[in-house]
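Q: I am new to this structure and should be grateful for a close look at a single part, the largest pocket and what lines it. Please then set that part against the rest of the chain.

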Amino acid sequence: MVLVFLSQLLNGLLDGFYYMLIALGLSLIFSLGGIVNLAHGAFFTLGAYLALVLTPHIGFFGALIVGPLIAAVLAILMERFLFTRFYREDPLYSLLLTFGIAMIIEQSLRWYFGATPRAYSMPTELRGQVFMGDFVYSRYRMFLIAVAVVVVSAVWVLLNRTAFGRIVRAGIQNPDILGTLGISLRPYLSAVVAIAIAIAAIAGVLMAPLQPIHPMMGVEVGTAAFVVVVIGGLGSFWGVVIAALLVGLVKGAMIGLGLSQYSMLAIYLLMFVVLLLRPRGLLGERITRFE
């Protein structure tokens, strides 16, 4: 019984990791450009469909690399032709814009692939179980957690140990000073949007073997990612990380206790309690910083 509960906790932690991948991108785009990207969940869905299309030609690991790259190219086009008109404007405008983009992506996928859920086979190399004494866990789920940790660590290193990251963080804190120094934020905005969307697509590819692929699969994930951003505090890297793990553990605990039907309700209650105690989120005092 205890081992089953631990297994569900680990599954919840797994959910927390891919909420984290999506929420980090959301927080980055909003912090730097002021864009509330409601299309983030749609790019998660696009990543899953790209895995479905690419895998027969280049395999799962090839799809894990090429799929996010395709999503990043689409993100750059979206940023260049649409987002640039809404930077630092009222977030309501970008909210309406990205809602429309999400609808276009979902309806395009529905038109081309149909609404019937598709199954995606788990890669042969990652099938089976990992034995740790009496505890047995899925090898693929362990792989997913490992990839998520690597991606999140890479984002942290990029933001905190590179010249690119220093300019991005300076742009978040005070874009006007960067302008007076002659540094244009435009290329950095494009890069940040591309990285954020690529990470969402990575999460989509990784989740493809674990759930049916359908055009609306990004809605629940996108909603949960917004909850994570709100709980963690906008603009806070560690706030998002802590909130995602907390949300995942709460969800896993509810399922482990046999209350899976209330797992999402528990997450929303968690958000309510956090906002009641800390209206800016767990690390909301750093709302203008991303470190």
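A: The account below begins with the pocket and then moves outward to other parts of the chain.

This is a predicted model, in which local features need pLDDT of at least 70 and side-chain atom pairs count only at pLDDT 80 or more, while totals for chains, interfaces and linings use all residues. Residues are numbered from 1 along each chain as its sequence is written, and side-chain values use heavy atoms, with hydrogens and water left out.

The largest pocket holds about 290 Å³ of space. Its lining comprises 19 residues, and those nearest its centre are Asp15, Tyr18, Met207, Gln211 and Lys251. Two or more lining residues come from each of H1, helix H8 (217–232) and H9. The greatest contribution is that of H1, with 7 residues. Here a pocket is an open set of points on a 1 Å grid over the protein atoms alone, with protein on both sides within 12 Å along at least five of seven lines; a cavity is a set of points where a 1.4 Å probe fits but cannot get out, and lining residues have an atom within 4 Å of a point. Points are joined across faces, edges and corners, and a volume is the space filled by probe spheres set on them. The helices (H or I, at least four residues) and strands (E, at least two) are DSSP runs numbered from the N terminus.

Two of the residues nearest the pocket centre, Asp15 and Lys251, form a salt bridge whose closest N and O atoms are 3.2 Å apart. Asp15 belongs to helix H1 (residues 2–33) and Lys251 to helix H9 (residues 237–256), so the pair ties together parts that are 236 residues apart in sequence. The search of the whole structure finds 1 salt bridge, the term meaning a side-chain nitrogen of Lys or Arg within 4 Å of a carboxyl oxygen of Asp or Glu. Asp15 counts as buried at 12% relative accessibility, and Lys251 likewise counts as buried at 9%. Buried means under 20% relative accessible area, exposed over 50% and partly exposed in between (1.4 Å probe, protein chains only).

H1 itself has 32 residues, which should span 46 Å at 1.5 Å a residue; its end C-alpha atoms are 46 Å apart, in agreement with that value. The expected span is 1.5 Å times one less than the number of residues. Gly34 follows H1 and has a positive phi, near 75°.

Met207, another residue nearest the pocket centre, falls within helix H7 (residues 186–207), which has 22 residues and reaches 32 Å from its first C-alpha to its last, close to the expected 32 Å. Of the 22 residues of H7, 17 are buried, so this helix is largely enclosed by the rest of the structure.

H7 also takes part in a cavity lining. The count comes to 1 cavity of 30 Å³ or more, and the largest cavity has about 40 Å³ of space. Its lining consists of Leu28, Val155, Leu158, Leu159, Phe164, Val192 and Ile195. Helix H4 (139–160) and H7 each give two or more residues to that lining, with H4 supplying the largest share, 3 residues.

Elsewhere in the chain, strand E1 (residues 129–132) and strand E2 (residues 135–138) pair in the antiparallel sense over 4 bridges; pairing requires that DSSP find at least two bridges between the strands. Phe131 has Val136 in E2 as its bridge partner. Between the strands of this hairpin lie 2 residues, and Gly133 takes a positive phi near 70°.

Finally, the UniProt record, an unreviewed entry, lists "transmembrane region" for residues 16–36, 48–77, 92–113, 142–159, 188–210, 222–247 and 253–277. Its positions use the numbering adopted here, feature names are shortened, and annotations may be inferred rather than shown by experiment. In the model, residues 92–113 are 100% helix and 0% strand, with end C-alpha atoms 31 Å apart. Residues 222–247 are 85% helix and 0% strand, and the end C-alpha atoms of this span lie 14 Å apart.
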